[in-house]
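Biologist: I would like to learn how to read a model like this one carefully, feature by feature. Could we begin with the vocabulary and then go to the cases?

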Amino acid sequence: MNRFRILIMMALVLALGACATTRPTMSFVAGGLSPADAMVLANDVATHLADSLPPAKSSLVLDPPASRNADVLTPVLLTKLRSAGYGVIEADPRTGAKSGEGTPVRYLVSPLDNGVVLRLQYLGVEATRFYPRSAGGALVAAGPFTVRGGAQ
């Protein structure tokens, strides 16, 4: 019986290890976002970053999610940041290697209750904001970004 338990435990460890990524610093975007949701989030990201990383003076290195299948945010975010005046470089999604100099920016979007949580990480800062869904299903900002770390 002990051998059976050991084999099961080893199988579980191997299975969980296969699920882990080799790049824990990559961004993440959960599925289920609509193009309208992506626009709301991208606008807020650009507005928030402008406070500490001025456009036209800052280059950003986005570390996109490894899987772009369900990711509607990254293309909208790239367009919005570039139109706001940022130089934007994408890190290689497989290796994380950056093709230029700039401030690394990571974004994590996850569902929570009847809404979405957005986390931004840059310059030792983590900024988090919750977006509940309105009665019509649109994302709305529930309050300001909660900022921790950095010089803010």
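Modeller: A residue counts as buried when its relative accessible area is under 20%, as exposed when it is over 50%, and as partly exposed in between. By that cut-off Glu 126, at 16% relative accessibility, is buried. Please keep in mind throughout that this is a predicted model.

Biologist: Which average pLDDT does the protein have, and where does pLDDT stay under 50?

Modeller: Where pLDDT is low, the predicted coordinates should not be read in detail. Here the protein averages a pLDDT of 81, and 75% of the residues score at least 70. Over residues 14–23, however, pLDDT stays under 50, and for this stretch the model has seven contacts beyond four places in sequence.

Biologist: What pattern of helices and strands does the protein follow along the sequence?

Modeller: The protein has three helices and seven strands, and reading along the sequence gives the pattern α-β-α-β-α-β-β-β-β-β. Of its 152 residues, 36% count as buried, and among contacts between residues at least 6 apart in sequence, 59% join residues at least 24 apart.

Biologist: How many residues does the largest nonpolar core have, and which of them have the most contacts inside it?

Modeller: The largest nonpolar core has 29 residues, and Leu 41, Leu 73 and Leu 81 are those with the most contacts inside it. At least two residues of this core come from each of H2, strand E2 (59–62), helix H3 (73–83), strand E4 (103–112), strand E5 (115–122) and E6, while H2 gives the largest share, six residues. If you follow Leu 41 outward, leaving aside residues up to four places away in sequence, you find that Leu 41 touches Leu 33, Leu 73, Val 109, Val 116, Leu 118, Tyr 131 and Leu 139.

Biologist: How many salt bridges does a search of the whole structure find, and which residue meets Asp 44 in one of them?

Modeller: Side chains of opposite charge can pair when their charged atoms come close. The search finds four salt bridges in the whole structure. In one of them the side chains of Arg 129 and Asp 44 meet at 2.9 Å, N to O, and this pair links distant parts of the chain, with Arg 129 in strand E6 (residues 125–132) and Asp 44 in helix H2 (residues 35–52), 85 residues apart. Both partners are buried, Arg 129 at 16% relative accessibility and Asp 44 with a relative accessible area of 19%.

Biologist: Which residues do salt bridges that share partners join into one network?

Modeller: Begin with Glu 126, whose side chain meets that of Arg 119 in a salt bridge of 3.5 Å, N to O, and that of Arg 148 in a salt bridge of 3.4 Å, N to O. Because Arg 148 lies in strand E7 (residues 146–149) and Glu 126 in strand E6, their pair ties together parts that are 22 residues apart in sequence. Arg 119, Glu 126 and Arg 148 are thereby joined into one network. Its members range in burial: Glu 126 is buried at 16%, Arg 119 is partly exposed at 30%, and Arg 148 is exposed at 57%.

Biologist: Finally, where is Pro 54 placed?

Modeller: Pro 54 sits in the loop between H2 and E2 and is partly exposed, with a relative accessible area of 36%. Pro 54 and Ala 84 are 30 residues apart in sequence and 9.7 Å apart in space, C-alpha to C-alpha.

Methods
Residues numbered from 1 in each chain as written. Predicted model: local features only at pLDDT ≥ 70, side-chain atom pairs only at ≥ 80, totals over all residues. Heavy atoms only, no water. pLDDT = per-residue confidence, 0-100. Contact = heavy atoms within 4.5 Å. Helix = DSSP H or I, 4+ residues; strand = E, 2+ residues; numbered from the N terminus. Buried < 20%, exposed > 50% of the residue type's maximum accessible area, 1.4 Å probe, protein only. Core = buried A, V, L, I, M, F, W, Y, C linked by side-chain atoms within 4.5 Å.
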